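Please open the model in your viewer and keep the selection box handy. We will go from stop to stop, choosing a few residues each time and looking at what is there.

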Amino acid sequence: MIQTREPGATWSGNHRYAAEKVLLPSDLDELAEVVASTPSLRVQATRHTFNDIADADAALVSLERLPVRIEIDGDRVRVEGLVTFAELAPVLEAEGRALHNLGSLPHISVVGATATGTHGSGLRNGNLSSALRAVEIMDAAGGIRRFEAGEPLFPAAALSLGALGVVAAVELRTEPTYAVTQEAFTGVAWEDIVGDVERVFGGARSVSVFTTWGEPAHDLVWAKSDDGDLSWVEALGGRPVGDDIHLGRIRTVDNTTPRGTAGPWHTRLPHFRADALPSDGDEIQSEYFVPLASAREALAAVRDLASTIDPHLLVTELRTVAADELWLSPAYRRDVMAIHFTWRNDTDGVLSVLPAIEEALAPFEARPHWGKAFTMPGERIRSTLPHVEDFLAAAREADPRGVFRNDYLRRTLGL
């Protein structure tokens with residue numbers, strides 16, 4: 001008998017799952033049984049989403065009881081089961097290996113993050129999905145299909161939104177381990193940030209800028225360097241903030257990663273420590289990606305809405321992501337500026353302000369983060385994705401019964 005539990009809600013509680021139950025198979029045979037016997041199915045991972053992307057009419061399935069395997073082979077690591085980046089990173093470090101980047105929270109799952117195009121920051125760093133070299137997906141027939149980088153359908157499988165089936169395992173590219181020194185600075189003028197975006201965001205391996213858009217904007221530059229040189233921030237007037245770091249209206253309390261000293265990549269690239277709660281989840285997140293070449297104009301368009309945004313905003317984080325070749329990626333074939341909003345946990349208030357932001361960013365062909373709150377019409381999203389029809393064909397071929405389709409995929413992709 002396959003175990004079950006209640007679906008509950010997303011991390012912030014802003015979406016309560018409509019599915020009747022979560023199925024908990026203990027091996028791949030039971031997972032295949034679940035797929036074959038359930039008319040509508042989606043995967044629930046670590047629930048760090050802010051919409052209905054992982055919801056279904058009938059049931060959800062979790063990999064939390066499946067065996068976990070991490071196997072390092074040369075410059076690749078194979079990850080099977082529900083493994084988080086916080087669990088994977090120390091295993092890699094022990095073998096002298098590393099990933100090219102990490103998100104601000106290491107608590108998210110590898111399969112969930114890569115399936116939605118989640119990312120860290122860095123002018124030369126692709127999103128977390130861009131590290132994939134192979135993906136193993138259980139399709140609607142209950143069989144495992146392996147997609148290798150370079151194969152025709154790999155750009156669909158590597159960032160699939162769960163539309164092709166259940167991601168059972170992934171292989172990621174690794175590199176030799178490296179150290180990172182990070183520091184957060186205040187005092188950098190907004191005009192210096194937007195006046196030379198490539199200088200600021202290309203100044204270190206990973207750079208984030210926090211703002212509340214107003215006057216003063218309360219801007220914070222958080223830079224993470226693999227060569228230890230952060231003098232360029234001080235040359236722009238930046239002053240280290242010390243221990244008492246505020247991210248806009250969020251005051252962190254002993255949960256951020258160490259600043260001011262060098263340490264292993266996985267202890268510095270995330271903003272939040274793996275052994276601490278990054279937040280109580282009392283927030284809603286949105287994020288939009290615009291071409292880096294249009295960043296200055298796009299940021300000006302959002303700042304014109306400062307008074308509209310302000311009552312609902314906790315903080316905005318600006319990051320950059322390098323271009324990739326994944327069909328549904330927000331960075332498909334274009335380096336992008338990611339404009340991320342952390343909102344007060346007020347669904348009605350957030351939904352009231354998102355259309356204005358999306359309209360302001362429409363001239364820049366903005367794409368949303370698939371796992372966060374947005375109201376953009378599907379037609380507009382699809383118009384920015386040159387290979388969307390190829391993706392839809394791949395999804396229909398992998399899932400002719402429509403097992404893995406849901407309201408979210410119908411609304412956004414027309415699937």
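Select Ala134 first: this residue stands opposite Glu171 in S10. Now widen the selection to strand S8 (residues 132-138) and strand S10 (residues 166-173), which run antiparallel and are joined by six bridges. Strands here are DSSP runs of E with at least two residues, helices are runs of H or I with at least four, and both are numbered from the N terminus. Two strands count as paired if DSSP finds at least two bridges between them.

A word on what you are viewing: this is a predicted model, in which local features need pLDDT of at least 70 and side-chain atom pairs count only at pLDDT 80 or more, while totals for chains, interfaces and linings use all residues. Residues are numbered from 1 along each chain as its sequence is written, and side-chain values use heavy atoms, leaving out hydrogens and water.

**The sheet and its helices**

Add the remaining strands to see an open sheet of five, ordered S5-S6-S10-S8-S9 with antiparallel pairing. At the edges are strand S5 (69-73) and strand S9 (144-148), each pairing on one side only. From one strand to the next, the twist averages 15 degrees.

Next, show helix H1 (residues 28-37), which packs on the sheet and touches strand S6 (76-80), S8 and S10. Contact here means heavy atoms within 4.5 Å. The direction of H1 makes about 60 degrees with that of S8. Then pick helix H2 (residues 85-94), which packs on the sheet against S5 and S6, its direction at about 35 degrees to that of S5. These axes are lines fitted to C-alpha atoms, for helices over the stretch in contact, with angles running from 0 to 180 degrees between N-to-C directions.

**Aromatic stops**

Over the whole structure, a search finds eight aromatic pairs. Rings of Phe, Tyr and Trp (its six-membered ring) pair if their centres lie within 6.5 Å; planes under 30 degrees apart are stacked, over 60 edge-to-face, and the rest tilted.

Select Trp11 and Phe50: their ring centres are 6.0 Å apart and their planes at 75 degrees, so this pair is edge-to-face. Trp11 is in the loop between strand S1 (3-5) and strand S2 (21-24), and Phe50 in the loop between strand S3 (41-43) and strand S4 (59-61), so the pair ties together parts 39 residues apart in sequence. Buried or exposed? Trp11 is buried, at 19% relative accessible area, and Phe50 is buried at 4%. Buried means under 20% relative accessible area, exposed over 50%, and partly exposed in between (1.4 Å probe, protein chains only).

Move on to Phe210 and Trp222, with centres 6.2 Å apart and planes at 45 degrees, so the pair is tilted. Phe210 belongs to strand S13 (residues 206-211) and Trp222 to strand S14 (residues 220-225). Phe210 is buried at 4%, and Trp222 is buried at 0%.

Keep Trp222 in view and add Arg259, which lies over the face of Trp222 at 5.8 Å from the ring centre. A charge sits over a ring if NZ of Lys or CZ of Arg is within 6 Å of the ring centre and within 35 degrees of the ring normal. Arg205 has its charged end over the ring of Tyr178, 3.8 Å from the centre.

For the last selection, take Trp190, Trp213, Tyr288, Phe341 and Trp343, which ring pairs link into a cluster.

**Zooming out**

Finally, show the protein chain, with its 13 helices and 22 strands. Buried residues make up 61% of its 415 residues.
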